[in-house]
Amino acid sequence: MNWQLYLVLGTPLAGGILLALWGHKSWAAGLNIAMSIATFLAAAALTADIISEGPIITANEQFFVDSLNVFLVALTAFVSMTTSLFSRPYMRIEHAHGKLSDNRLRLFHSMYQLFVFTMLLVLLTNNLGILWVALEAATLTTVLLVSLYRTPASLEAAWKYFILCGVGIAQALFGTILLYSAAEKVLGSGGRALLWTHLDTVTGSLEPTVMSLAFVFLLVGYGTKVGLVPLHNWLPDAHAEGPTPVSAVLSGLLLNVALYALLRCKVLVDGALGSPFASHLMMGFGLLSVVVAAFFLSRQKDIKRMFAYSSVEHMGLITFAFGMGGPIANFAGLLHMTVHSLTKSAIFFAVGHAAQKAGTQIMDDIRGLMKVSPTVGWGLMLGSVAILGLPPFGVFASEFLILTSAMRLQPWATPFLLMALGVAFAAVFSKVQPMVFGETTAKRLPHPPALIPVFAHLAIVFALGFYIPPYLVDWYHEAAKLIG
């Protein structure tokens, strides 16, 4: 009996139900943390089991765990746990300032746990139909989280998010139907034609034309959730108007989960076509996202919007890496998913405190963080340096591998990548530097904010820039093979 898997899914689901009843109590934030820690421990146990015993299929073949998705399960559970730790003091201050009522605090706690549940369900299900349903459920839970403040701007952002992602997920549904119609002729009608493990064994027999058309719709649909240009318009608004803990998990986790769904479909299409059709589409959308997002960075005045565009850039880079394929590019893509999730969530933690103390998210009005709160200043500066790909942080290692792979496999794309990364570096650094080291008349904060999650994330990213443990290297290699 695979009890670890059921605990990974059951814990956040139970947490969401309990917090829907008592999420407004003074101890609700503690329960949110406890449920998140329990989920992470269950994910760690599941990971250890997969590493030692190999892939598992359970619950009448409805759940499937291998090296690829268990890696993302562990990452999702870890970042959601640290975000719950950050959210406790942050949301308490928001409540004290009158921005949140008791009912909205209850909504935040319950939807946070249900959001984690839907992401883990996407990662663990073997059924492509359930995967689609879980991603749609993730959209619905995050709509409620983005609109939590009930301001006109947050309601507009939530509505835009709902409409754009709703249209996108409808495209993904049509792609899933096309995929099922191709599989039904080989596997027969019924649920087996939607089970990824069955589809993976018969990819060579699937109709290539139908699979090509299916992937186009799946790329548009799931690409909307990934934030690929030109399907990205919801992402900056959702990040800017939602609570900072929501921005952290949106950028650090949801984008990865949507890309995982796309990767599973890419494996099937590659096997059916025997050509680089899917790879070329992913490289095209990925490269476009990197270039467009880099130039949008310099135009931003809101700090959360700026780092939202940074997420678009980095997800484009990861998509481009997986589009190139091969052992090195896939390895680099997986490593970049890891370090981007950890770094970007750490940045949003620091940004949340900085904006909360300054009373604004406008970068021109946030100055002298080193004098006002050195821990916030160092957290924001180190996080920005890390996400810009400076050594010795792990983002440098993954970007270096992606660039060298591009030089070897797709040399035409290398100048565009280098230009975009250079523009992004100049844009972000020029805006963050005065925020951290600029002059200010504000008084130093009497108490440093709790930023343990920030420095814990950055310490891991820093360590990965120097040394990747052998078991982690083997894990990435095994997952890279599964992508193809």
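The lining of the largest cavity divides into 6 nonpolar residues, 3 polar and 1 charged. Here Ala, Val, Leu, Ile, Met, Phe, Trp, Tyr, Cys and Pro count as nonpolar, Asp, Glu, Lys and Arg as charged, and the others, Gly among them, as polar. The model is predicted: local features need pLDDT of at least 70, side-chain atom pairs count only at pLDDT 80 or more, and totals for chains, interfaces and linings use all residues. Residues are numbered from 1 along each chain as its sequence is written, and side-chain values use heavy atoms, with hydrogens and water left out.

The structure holds 2 cavities of 30 Å³ or more. A cavity is a set of points, on a 1 Å grid over the protein atoms alone, where a 1.4 Å probe fits but cannot get out; lining residues have an atom within 4 Å of a point. Grid points are joined across faces, edges and corners, and a volume is the space filled by probe spheres set on the points. The largest cavity has a volume of about 50 Å³. Its lining consists of F64, N69, L123, T125, N126, L128, L131, W196, Y260 and R264. Two elements, helix 5 (128-146) and helix 10 (244-273), give two or more residues to this lining. Helices (H or I, at least four residues) and strands (E, at least two) are DSSP runs, numbered from the N terminus.

The second largest cavity has a volume of about 40 Å³. It is lined by E313, H314, I387, L388, E399, L421, A424 and F425. Helix 12 (303-324) and helix 17 (414-437) are the elements that give two or more residues to this lining. Helix 17 gives the most, with 3 residues. By class, the lining has 5 nonpolar, 1 polar and 2 charged residues.

Helix 1 covers residues 3-22. Its 20 residues reach 27 Å from the first C-alpha to the last, close to the 28 Å expected at 1.5 Å a residue. The expected span is 1.5 Å times one less than the number of residues. Helix 1 bends by about 25° at G10. The bend is the angle between axes fitted to the seven residues ending at a residue and the seven starting there. A proline, P12, follows G10 within four residues. The buried residues of helix 1 are Q4, L5, V8, L9, T11, P12, G15, G16 and L19. Buried means under 20% relative accessible area, exposed over 50%, and partly exposed in between (1.4 Å probe, protein chains only). An α-helix has 3.6 residues a turn, so residues three or four places apart point the same way. The cover over the buried residues of helix 1 includes helix 2 (28-53), strand 1 (56-58), strand 2 (63-65), helix 3 (67-96) and helix 4 (102-124).

Two further buried positions were examined for contacts, defined as heavy atoms within 4.5 Å. S36 lies in helix 2. S36 counts as buried because its relative accessibility is 3%. Leaving aside neighbours within four places in sequence, S36 is in contact with S80, M81, S84, Y112 and Q113. T203 lies in the loop between helix 7 (196-201) and helix 8 (208-226). T203 also counts as buried, at 11% relative accessibility. Residues up to four places away in sequence aside, T203 touches L268, G271 and A272.

E156 lies in helix 6 (residues 152-187). At 52% relative accessibility, E156 counts as exposed. E156 and E241 are 85 residues apart in sequence, yet 9.0 Å apart in space, C-alpha to C-alpha.

Backbone geometry was considered next. Most residues other than glycine have a negative phi, and most peptide bonds are trans. Two cis bonds are described here. The peptide bond from V229 to P230 is cis, with omega near 5°. P230 is found in the loop between helix 8 and helix 9 (234-241). A cis peptide bond also joins P391 and P392, with omega about 10°. P392 lies in the loop between helix 15 (374-387) and helix 16 (394-409).

Positive phi values occur in the loop between strand 1 and strand 2, where N60 and E61 are found. Phi of N60 is near 60°. Phi of E61 is near 65°. N60 is exposed, with a relative accessible area of 67%, whereas E61 is partly exposed, at 29%.

Terms used. 1 Å grid on protein atoms, 1.4 Å probe; cavity = no way out; pocket = protein on both sides within 12 Å on 5 of 7 lines; lining within 4 Å.
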